Amino acid sequence: MADTNHVRIPIAPLTFWTERPSPPELGAGGRTGLADGHVIEPGYTYYDKEAAKWLTASVFVPTEWAGERVGLHIEITGGEPLLFVDGEPYQALDYNHAEVLLYDPARGGEAHQLLIEIYAPTAGREITLQSAFLVRIDRAVRTAILDDAAAQQIAAVPEKVQDSGAGTMTCIGHSHLDLAYLWALPNTRKKVGRTWASTLRLLDEYPDFCFTQSQPYLYDVCKTDYPDLWERVKTRVAEGRWETTGAMWVEPDTNIPSGESLIRQVLHGQALYKREFGEVSRVAWLPDTFGFPASFPQILAGCGIHYLLTSKISWNDTNRFPHDTFRWRGSDGFSEILTHFVTAPQYHAQLKRNVATYNGDATVAMIVGAWDAYRQQNVNAEILHCVGYGDGGGGATPRMVEMVRRFADAPGVPHCAFGRADDFFDRLDAKRDAFPAWRGELYLENHRGTLTSQAWLKRANRQCETLLRNAEIFSVLAETETGAAYPAEELGAAWRTLLTNQFHDILAGTIIPEAVADARRDFAQIEEAGTRLLHTAMTAIAERIPVKEDTFVVFNPTDTLRPSEAVRVTVPANVIKAVEFADASDALLLSQFLSVDKKGNRDYLVLVTDVGALGYQTITAFKSSGPQEESTVFAERLEGAGVLENDFAYVTLNENGQVVSFRHKISEDSDDEPDAVREREVIADGEHGNVLAVYEDKPAAYDAWNIDRAAFHTRTDLAHIATVERFAVIAEGPVRAGIEVVQRFRESTVTQRIYLYAQSPRLEIETVVDWHEHQTLLCVHFPVAVNAERAVYEIQHGYIERPTYENTSWDAARFEVSHHRWMDLSEGDYGVSLLNDCKYGGCVRENDLRLTLIKSGIYPDPDADLGLHQFTYALLPHTGDFRNETVDEAHGLNYPLLTQFVRKSDKRKMPALPRAHALASVNDQGLVIDAIKRAEDGNGYIVRLYDAFNTRGAATLTFGFDIAEAFATNLLEENGVPLLITGEGDIAFSYHPHEIKTFRVVPSLPKGQRGIKL
């Protein structure tokens, strides 16, 4: 509103600094004698990248301006400026906030020191000082201009709309802030200061204005980086005009993180809100998240969250979602979250249509458009409208607030007033039964590539989730059995770093190279901390086990008894050279030498038996006493092909590593034929499995985000274009047999080591890809001899079924879908599962199981996915459906057994531990113990499990230590209900389909550990 500034006084001199000046230099006008500061004038231009430069000046309000509205008008283009007045952050000076109010009214004679931090965007930009004035603002002219602008907009509303009236709109100031996107985290921290300073100015000026900000992480940033703003924010929160929404630590992707990660998002987010403000949020605020899993309502409800706001589903490319306010029911069948989509329309140039925006403006066109688009007008006359610039921060402007006031009672325009989101949802909740119900996932028919882009991120996320989970479990075991202190603070810090990097653009891989580098650094820190904490816990346990021979303690991080499992063991160089292994009863175990490193450390595979759930057992190492038991797994190189065979499978490969035949040997023991075996072909007739294929991936828009349907019409199998550089048997022994295939195509190399283990029909394919392709998808296909109309995919805390045929437009749109560790296709008595250790995208179409491996877009990171990739997938045939073996086998692939070496010694720490022990187990195969950790308040331990089979029943949870008290709690470890303890460590409970259960257990203190504080 520059035309309201009838009197302007240029601000001069302006001094430019490359480093922040100290307080004595502020406003010195360049006359300090320091070489760094020099006087500049409007028009001054410079280039900068991910760094701050500074301007200083002094202003003096003329005495004759007493009683006037006085401010600043400073235009700086290209950069992201923050104005400090007398040393305190005051307001952003971005292109939407060039006008700064100082006084209304001024006394005259006021003097101030100005400091402007100009932060350059991460990608770099030319920055120009356009103008800088002290201004006297004519109130009457300003009011007239605003009145006229509002009147013109209202007059444009058609008469028929004016006559019909409209609903009510609760407006709320908002600024969506992506932690990383086209900028990196250091810039985001600066965006917090700029956006929140501007918002606080609006709250000061307009008593009716209300603002909401999600993401507790941002509050943590403000407290650390902007303590002056922090105190003002706390005041406004206490007043009720600044609403802390969101509940989750950041606004995460919700397709890729584990169920436990989603719970930890809320656990850490609400903990900050409660600690700093004495309140928690009841609204999950996820306007920009790329779809939601079917289990999400139960997770939110279990965390005490009642409501969800989002908008991205409006970006669907095929079907319009039928509801805007609805009761979203979870996969457990009864958890419900009242969900509301914002409907403010905004034309999207790339999509060439309107989509709903959370970056709403205060215009009649947008407000009326939002009401017109709303689907539930027949039962509800109130909608929510977010007002403010976002994505990169910014927030609302004075013009927006003024316009909302003027549209309050305008004809044909919804009644507008600022309010709080939780109050709005509470009013909706009073009408809950009138809203339609929706069950199942909220699938976004767009941005399907986010499941695969920056594949290293997906792998790092899976590995770090696994690492922190294991560190927690064995830290609990170490504390209960040895008294070793549980590292709560370090684990909490590592979790928060992981949660931060699960922000929807970071984990989705839709970020610039600088943000990619930040994420790599963070994941390396998580890996270091998790590895160290896990090693510390396992060492504390191993040191208490008395052994007479060199011994390996084998730890099982799953809740399943591993009846027969291969574990990788590293024998130190200074231990006997020829090695055999035996279990605790001295029975020899099958083992196979793998390799030796430069220091003489030797790796073996050992086939161990009966490793207890969430516990450990020992195996001893000693000199070889003779030939081992004859192998039952073989590999053979044939002319133009290869064969892998064990007691469970006979697999034929061609020279490209494709599975030509997979004969599953199924035992059919009977009294007449005790060793009877029938064979079933796994691969569909005339097809091959493990078919690597590339696709041209050039989306019409949003390169890193999208995979267009057209991409899957460009399939080229690698076998047609690749050169086979190696095909060789690489492993023959009693534990596993393997064949290595190396193929080169274009500038890339794919190395696959295809293994069959002695104890299982699971065909495991370890893959290393040196990838140098752009805009090219790499997928793998397994067409199998199974007839099924629906496939089953693992999601967080359960599974979802999806059609395998495209009978409807809704089916057709799901050509790339999310899943976690497995997908399965089963007919009445038989099925095949495709397991993986770090992939999230794929699809089952008819009988073809497809896993998407690499995407390699070029925007916003031109080098995305270039370089080395490591991943493993496995084909698992099974009798029955997925409930028979799939869940346990997928856990085995993702949670391999761990080992800790213990040298023989007569001097061990006391009290001694047994040579085998289990921390906890559950007597129901369909229940999965997902987490065991120290309670957040330090009182006992938290055990979380879920039903993976969609069944109901009663079960018993058994602990390896005595229990004094036990409680059933919500997912945030609250509202404990006492439980009956049977024996010394058993809890009996009932469960229903897909239910997530959380228990708090408080141990009794064993005699040898009375000094341990729990």
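This report describes the pockets, cavities, salt bridges and selected secondary-structure elements of a predicted model.

**Open and enclosed space**

The second largest pocket has a volume of about 1,000 Å³. Its lining comprises 47 residues, and Y95, W183, G390, D391 and G392 are those that lie nearest its centre. Strand 6 (69-77), helix 3 (185-205), strand 19 (345-348) and strand 20 (353-356) are the elements that give two or more residues to this lining. Classified by residue type, the lining of the second largest pocket holds 20 nonpolar, 16 polar and 11 charged residues.

Enclosed space is also present: there are eight cavities of 30 Å³ or more. The largest cavity contains about 250 Å³ of space. A set of 22 residues lines the largest cavity, with S258, E465, R821, Y895 and D930 nearest its centre. At least two lining residues come from each of helix 6 (259-277), helix 11 (455-482), strand 43 (790-795) and strand 54 (927-934). Helix 11 gives the most to this lining, namely five residues. The lining of the largest cavity has nine charged, eight polar and five nonpolar residues.

**Salt bridges**

Side chains of opposite charge can pair when their charged atoms come close. The model contains 65 salt bridges, among them the three tabulated here.

| Salt bridge | Closest N to O distance |
|---|---|
| D204 and R236 | 2.5 Å |
| R264 and E472 | 2.8 Å |
| R790 and E801 | 3.4 Å |

The salt bridge between D204 and R236 links distant parts of the chain, with D204 in helix 3 and R236 in helix 5, 32 residues apart. D204 counts as partly exposed because its relative accessibility is 38%, whereas R236, at 15%, counts as buried. Both residues belong to a network of salt bridges that links R201, D204, R232, R236, E239 and R241.

R264 and E472 form a salt bridge in which both residues are buried. Since R264 lies in helix 6 and E472 in helix 11, the pair ties together parts that are 208 residues apart in sequence. Helix 6 and helix 11 each also supply at least two residues of the lining of the largest cavity.

In the salt bridge of R790 with E801, R790 lies in strand 43 and E801 in strand 44 (residues 798-803), 11 residues apart. R790 counts as partly exposed at 41% relative accessibility, and E801 counts as partly exposed at 38%.

**Surroundings of helix 4**

In helix 4 (residues 216-225), the buried residues are P216, Y217, L218, Y219, V221 and C222. The elements that cover these residues include helix 3, strand 13 (211-213), helix 5 (227-239), strand 14 (242-244), helix 6 and helix 12 (488-500). Of these elements, helix 3 and helix 5 hold D204 and R236 respectively.

**A four-stranded sheet**

Strands of a sheet pair through backbone hydrogen bonds, either parallel or antiparallel. One open sheet of four strands has antiparallel pairing and the order 53-56-60-59. Strand 53 (920-922) and strand 59 (981-982) form the edges, each pairing on one side only. Strand 59 runs antiparallel to strand 60 (residues 986-991), and two bridges join them. Within this pairing, T982 stands opposite D986 of strand 60.

Conventions
Residues numbered from 1 in each chain as written. Predicted model: local features only at pLDDT ≥ 70, side-chain atom pairs only at ≥ 80, totals over all residues. Heavy atoms only, no water. 1 Å grid on protein atoms, 1.4 Å probe; cavity = no way out; pocket = protein on both sides within 12 Å on 5 of 7 lines; lining within 4 Å. Points joined across faces, edges and corners; volume = space filled by probe spheres on them. Nonpolar A, V, L, I, M, F, W, Y, C, P; charged D, E, K, R; others polar. Pairing = 2+ DSSP bridges. Buried < 20%, exposed > 50% of the residue type's maximum accessible area, 1.4 Å probe, protein only. Contact = heavy atoms within 4.5 Å. Salt bridge = Lys/Arg side-chain N within 4 Å of Asp/Glu carboxyl O.
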